[in-house]
Every structure is written in C-alpha cells, then in structure tokens.
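Colleague: I'm new to this, so could you walk me through how the parts of this protein model touch each other?

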Protein chains: 2
Amino acid sequence: MDAKTLCLAVLSQGDASGYEIRKAVQSGPFGHIQDIGYSSIYPALSRLLDDGLVSVTEYVQEGRPDKKVYRLTADGRMALLGALQEPTEPDKTRSDFLFRMLFADILPPSVVEQMIDERLEEIQTVIKRTETRTKAGFQSTGDAFLNGFAAAVQHAMADYIEDNRYQLVGSSLVPQRAVAE
Amino acid sequence: MDAKTLCLAVLSQGDASGYEIRKAVQSGPFGHIQDIGYSSIYPALSRLLDDGLVSVTEYVQEGRPDKKVYRLTADGRMALLGALQEPTEPDKTRSDFLFRMLFADILPPSVVEQMIDERLEEIQTVIKRTETRTKAGFQSTGDAFLNGFAAAVQHAMADYIEDNRYQLVGSSLVPQRAVAE
DNA sequence: AACAATATATATCATTTTGAAATAAATAAG
DNA sequence: CTTATTTATTTCAAAATGATATATATTGTT
C-alpha cells in the first residue's frame, strides 16, 4: 500500500500524529505486512490534508515541535473504503537471508551458520510478539486473522529452516581452512 | 538487496543482458524474494560498469536495440562476495491481501470472499511453479533450499487461509447496504 | 546525583526504487 | 492473416528510503 492509504488506514482507528502513526504501524497489526518511515508519512499527511481527506489540530508544546494531530474526514473515510476495494497486487517478500542462502556454497560455513541462527532468533522474536498480541486481545476480526496468519507462517519458516539447514552447511564446498593448501 | 548487488548475483551465474537479468530474476530462484524492473537494472549496470565490476560486449542487432551482454569482472566477483557477508536486514513482507483482510469487517462479504479466492489461486500458482522447478533440478544447494522454503511457506499460508476464512466472512458487521442510512 | 539512553515530534535532503510509456521489429499463436 | 508475445533499451515523473538535523522530556543506569 502507498503511504497515503496506510496513513488513512491508521487514522481510521483513531486520531494520531505522524509520529504516532509510525508507532502504530511498527507495533500494531500492520507491522507484519507494512513498513513506513517519517519521510514517507509527513509528505503523505500534507497531501491528504491538501486533498481534504484529513483535518488537523495543532497542539502547541514546549521543548518539542508542536504536535499535529490528524483526523479522518468523511471524504477520507470514503477514500479508504475505495482504496481497499481496488485490485490487490500480489504479495511480495524481500529476504536478505534467503538471498544469502542461495550462495551458501561459496560462503564460509561459519558465516552461513551464524546467519541461520540469527534468522531463527528473529523469527522467535516475531513469534513472541504475536503471542503477546494474542493475549492482549484483538480490535477486530481481521486483526485476529492476521495475527494467526503471522504465527502460522513464522512457525512454518522456523520448522523448515531447522529441518533443512544441514543441507546448506553440511555440503559446503569451501571448508574454512582447506583453501590455503 | 539493492539493484546493483542483485545484478552482480545474476551475472555470477553467467553473462547476461539487462533484459535477460530481468527474466532470470522473475523466473529463477530469486523470484520468490526479489523483484526488479528495467528502470532499476539499466542504471545499476551503468554504475557497475563505471566501477569496473562488470564488463560489456555489444552485439549489433537489426530491428531491436543492440544487445549489451555484461560479464562479471574479478572485482565484481569480490564485490558480490563482500556484499553477501554484510549484515542482513530483517525479512519484509508486503501484502495487499492481508492489509485488506484487516478491514474485512467493513468490506462487503462478497468482496472479501473474492479476495480470498484470488489469493488462494495465486498461492496455488506459486506452488506449481516450485514443483516445476523441483522436477527440473537445481543449480545449487541454496537453490534447492530456497525452493523447499517457498513451498513450505506457501502451503502454510494456504492452509491457514482455508482454515480461518470463515472468521472473516462469517462475522461481517456491515451488510452490503446498511451504510447508506 | 550524574550521565546515558530512549522517547517525543517534525522536517528535509540526496539517493534509490518504482511504474509507465516510448520505440520498433521479430516471432509465436490463434 | 492478424493478434499477442517476446526481444531490447531508454527515459521520466512520482514515490519510497535512509540518514541527518533539531531539541527537550523522561526513563534507566551506575
């Protein structure tokens, strides 16, 4: 999703500043499937404001920039509804980890081992996060669905990696020291 | 991975033109985890050429632009090796489908149904592609690992969606016409 | 108590990436 | 015979990314 739609989506769950939108995306249900930085959020909010899809209230603060809290307008709500019904593009995954595994043959086994261990830890972290969220309860059906989805996929990944890592490291053609001979 | 590294990676498996690099990424093992368009490839190749990481041979053709076939240089091979050992950033998924499922409550059930069916079909397509690739054999250990990984994850996703779709559609709070009042 | 780290909050900039279109002919499919 | 696909590169506007700047309150650590 583009930054504008993502902002609309977050705002549909409650008013928020740009800063808070970021937090919501990072730690909320969107976290598994989207990422966004300030440099996308703030321009997006400006354009949404120009287009009348959000309104803003400025809270003067001392010590930090004034907080601008955005709220979805009726038009904004319609725009979100519209965007949600546009054709979906296929899911995409970017995996630095798998990219490297493609070259496991030419990497030192110890490096491959470490990458695998790190990836497994990452997965465990995500799994724990989904469990925490499950215990905390869900705001919507979709939220629950997504959390379960994430858990299922993460488990499948961890299982596969654990069951097949030996293929990558066991068969390496480049033992750590043999080359020098 | 950035476009340059991805080009180096493809070229490490054999010489190729920009056009062929795209094809290789689309249909090869990279396909599951990377995507790249011409508008990223060609500038990347230019920069790699400037940096001496690839060399080029131009084949004059009639009827279509001259074909420029790129080849990894020794420096290029080293650069790839280096890039592969840089710290990996966490995997990322972008899912238009899941994004929409978060809002299943406020979408017409028929629309949600259709999105789910389409997504399941997409998954089946990917599964078939992995099966084809499995039968065709693999170029490397990593290739086999990745194919199996993709298969495992796709199956997990399909299973989860099939087992839990009723949650999304059964419980819709917004029957198709109620909003207008 | 002093100090470091993190959280709050927005803005901006250069670099990359993306998606689309322009161009043009050969080849495959119907 | 006509249409669709494949081959092949280039270019452009729009969007996203990552980093940095700014400045203070709050929390955590020794």
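Modeller: Sure, here come some questions and answers on domains, chains and pairs of residues. Keep in mind that this is a predicted model, where local features need pLDDT of at least 70, side-chain atom pairs count only at pLDDT 80 or more, and totals for chains, interfaces and linings use all residues. Residues are numbered from 1 along each chain as its sequence is written, chains are lettered from A and ligands numbered from 1 in the order written, and side-chain values use heavy atoms, with hydrogens and water left out.

Colleague: How far apart do the C-alpha centres of domain 1 and domain 2 of chain A lie?

Modeller: Domain bounds come from an automatic or database domain assignment. Here it gives domain 1 as 3-84 and domain 2 as 96-180 in chain A. The distance between their C-alpha centres is 32 Å.

Colleague: Which three residues of domain 1 of chain A supply 74% of the area it buries against domain 2 of chain A?

Modeller: Buried area is the accessible area (1.4 Å probe) that two parts lose on being put together, summed over both. For these two domains of chain A that's about 570 Å², 55% of it on carbon and sulfur atoms. On the domain 1 side, the three that beat any other three residues are Ser27(A), Pro29(A) and His32(A).

Colleague: How many salt bridges are there between domain 1 and domain 2 of chain A?

Modeller: A salt bridge needs a side-chain nitrogen of Lys or Arg within 4 Å of a carboxyl oxygen of Asp or Glu. The side of domain 1 of chain A that touches domain 2 of chain A has 2 nonpolar, 6 polar and no charged residues (Ala, Val, Leu, Ile, Met, Phe, Trp, Tyr, Cys and Pro count as nonpolar, Asp, Glu, Lys and Arg as charged, the others, Gly among them, as polar). Between these two domains of chain A, the salt bridge count is 0.

Colleague: What area is buried between chain A and chain B?

Modeller: In contact (heavy atoms within 4.5 Å) are 63 residues from chain A and 63 residues from chain B. Carbon and sulfur atoms give 67% of the buried area, and the total is about 6,000 Å².

Colleague: And which residues in chain A lose the most area to chain B?

Modeller: Three residues together make up 13% of what the chain A side buries. They're Phe99(A), Leu102(A) and Phe145(A).

Colleague: Which residue of chain B forms a salt bridge with Asp35(A)?

Modeller: The structure holds 20 salt bridges over all chains, and the count between chain A and chain B is 4. For Asp35(A), the closest N and O atoms of the pair are 3.5 Å apart, and the partner is Lys92(B).

Colleague: Why does that pair join two chains?

Modeller: Asp35(A) sits in the loop between α2 (18-27) and α3 (38-50) of chain A, while its partner is in strand β3 (residues 92-94) of chain B, so the two chains are joined by Asp35(A) and Lys92(B). Helices (H or I, at least four residues) and strands (E, at least two) are DSSP runs, numbered from the N terminus.

Colleague: What kind of aromatic pair do Phe103(A) and Phe30(B) form?

Modeller: Rings of Phe, Tyr and Trp (its six-membered ring) pair if their centres lie within 6.5 Å; planes under 30 degrees apart are stacked, over 60 edge-to-face and the rest tilted. The count is 16 aromatic pairs over all chains. For Phe103(A) and Phe30(B), the centres are 6.4 Å apart with 35 degrees between the planes, and the pair is tilted.
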